[in-house]
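Grab a pencil and try these short exercises. Each one comes with a worked solution, so have a go before you read on.

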Amino acid sequence: MSTINIEVPDIGDFSDVPVIEVMVKPGDRVEADAPLVSLESDKATMDIPAPHAGVIGQITVKVGDRVSQGSVIGTMEVGETPAADAPTAPAAPTPAATSATPAPAVAAAPAVAAVASNAVPAATTQSARGDYAPAAGMVALPSAADIAAELVGGKKAHASPSMRAYARELGVDLARVKASGPKGRITREDINAFVKGALQSPATSAPATAGGGSGLDLLPWPKVDFTKFGDIERKPLSRIRKLSAANLARNWVMIPAVTYHEEADVTELEAFRQQINAEQAKAGVKLTMLAFIIKAVCSALKKFPEFNSSIDLQAEEPALIMKQYCHIGFAADTPGGLVVPVIRDADRKGVAQLAAECGELAARARDGKLSAAEMQGACFTISSVGGLGGTGFAPIINAPEVAILGVSRSTMKPVWDGSTFQPRLILPLSLTADHRVIDGAAATRFNAHVAALLADMRRVLM
Ligand code: CAO
């Protein structure tokens, strides 16, 4: 056992930030990354995480004290001296989307929650251990409940990231919790009291939608003792899974999305791809179907610019943000869960370069080495499960994008050419679009256009 100081890590441009909540006391046993204290500047709320698992020795700050990077907030007993490669250098505090240099990977960056309403998309940074944390200084996505509350004109709850996570875990809508903390902040006790109240009088919480029908008044998540039915093993969720669970649930609930299916005849394209790959194998060139699809999508985004937009309903004057750039995200399956690396300016790159970048980003994603910057700023996402199988699926839009293209496995099918059936290689495309921005006709046109481009890539030149 050894005693270590708990220091405030790199918190970006913030200094002299007031402590607004102390969540642990001497003797508490904590896991690595567990939130210890919350800080709140005029722009953001941050949790300072435990640098290692161990037992809290003392906490030397109290609510109202001010701290900066390097301030000691207490001590803890840890089982063994932290390894030399333990995380000590959190990511650069500025959101790295505009930076040419990717932010370094971090493990214990403090989680940061938006206080301002113009929250930007969440960014996750992978640690050397392969798990994920919101990057320091990055703004975490507001929860579905926050957005719902804002959309229906309700109040915006003030709570630290850990309290938001705790509320999410319990399925609690923070907008409905009475705050007792300093500056109207919601504390753990407030959430517990809310849950207790809800459990004691379920009838009082259930009919909240009956009046106006505008709230998301969901039943609590079923609490089941699975051991009653057989043996179980409890496996903690990876950070990436926790983060994506919250994002996916928010996107699923908040976006009125419709999925449109299309089929592209890629017989000639696949023959071309195989031919080039055979010709240039020695040069190390490997064109993938995904790279051609990215190329086709970039071309379609130019023709249908509303697909390259984001909806801003929170501004005084709601608007569509039309993007003049074309960054394409693609879903990559990794041992830690799904991540979405982003290819910058994909419209300006050739198919070979797109294929090489996809391969490189996907490999780094699987190794847990992507930086936050490499997962930010996408205009449109492609989720290809074609290498695995599938005949079609309804992907969930990656907010604040307005559409996502799902790609399944191409198969040979008999296609009627007017006189006979011809064997053709058919690629299933599933486009999910946000109906607030994209009508069914536009989505069908977009899908048909992408299919036409894939059937004859010369059209990309038009
Ligand atoms: N139809 C038929 N076969 C396909 C295909 C398709 N649409 N796409 C790929 N294949 C085949 C190809 O034969 C390819 O091998 P060759 O190029 O040597 O012929 C093989 O599958 C392997 O492809 P791959 O999946 O390794 O490579 P990729 O470029 O197609 O995809 C990546 C890369 C990162 C998208 C993929 O590895 C991956 O992670 N896919 C899963 C994404 C996911 O989980 N999506 C669901 C998210 S929830 O919405």
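**Exercise 1.** Find the bridge partner of V30 in strand 6, then place the strands in their sheet.

*Solution.* Keep in mind that this is a predicted model.
- Step 1: Look across from V30 to strand 6, and you land on G54, its bridge partner.
- Step 2: Zoom out to the two strands. Strand 6 covers residues 54-59, and its antiparallel pairing with strand 3 runs over two bridges.
- Step 3: Now take in the whole sheet. It's open, has four strands, and follows the order 1-8-6-3 with antiparallel pairing.
- Step 4: Check the ends. Strand 1 (2-7) and strand 3 (29-30) are the edge strands, each pairing on one side only.

**Exercise 2.** Work out what surrounds E401 and whereabouts its nearest opposite charge sits.

*Solution.*
- Step 1: Locate E401 in the loop between strand 19 (380-384) and strand 20 (403-407).
- Step 2: Hunt for a charged partner. The nearest side chain of opposite charge is K323, 6.9 Å away. A salt bridge needs a distance within 4 Å, so E401 has none, even though E401 is buried.
- Step 3: Try polar partners instead. The side chains of E401 and T381 share a polar contact of 2.6 Å.
- Step 4: List other residues E401 touches, including S309, S310 and F380.

**Exercise 3.** Explore the largest nonpolar core.

*Solution.*
- Step 1: Count its members: 59 residues, with I294, F307, I328, F380 and L454 having the most contacts inside it.
- Step 2: Find the top contributor, helix 8 (residues 289-303), which gives 11 residues.
- Step 3: Pick I328 and follow its contacts, among them I294, V297, P341 and F380.
- Step 4: Spot another core lying apart, with 22 residues, including V8 and M76.

Notes
Residues are numbered from 1 along each chain as its sequence is written. This is a predicted model: local features need pLDDT of at least 70, side-chain atom pairs count only at pLDDT 80 or more; totals for chains, interfaces and linings use all residues. Side-chain values use heavy atoms; hydrogens and water are left out. Two strands pair if DSSP finds at least two bridges between them. Buried means under 20% relative accessible area, exposed over 50%, partly exposed in between (1.4 Å probe, protein chains only). Lys and Arg count as positive and Asp and Glu as negative; His and the chain ends are not counted. A polar contact is a pair of N or O atoms within 3.5 Å; within protein, one must be able to donate a hydrogen and the other to accept it, and residues adjacent in sequence count only if both atoms are side-chain atoms. Contact means heavy atoms within 4.5 Å. A nonpolar core is a set of buried Ala, Val, Leu, Ile, Met, Phe, Trp, Tyr and Cys residues joined through side-chain atoms within 4.5 Å. Lists of a residue's contacts leave out its neighbours within four places in sequence.
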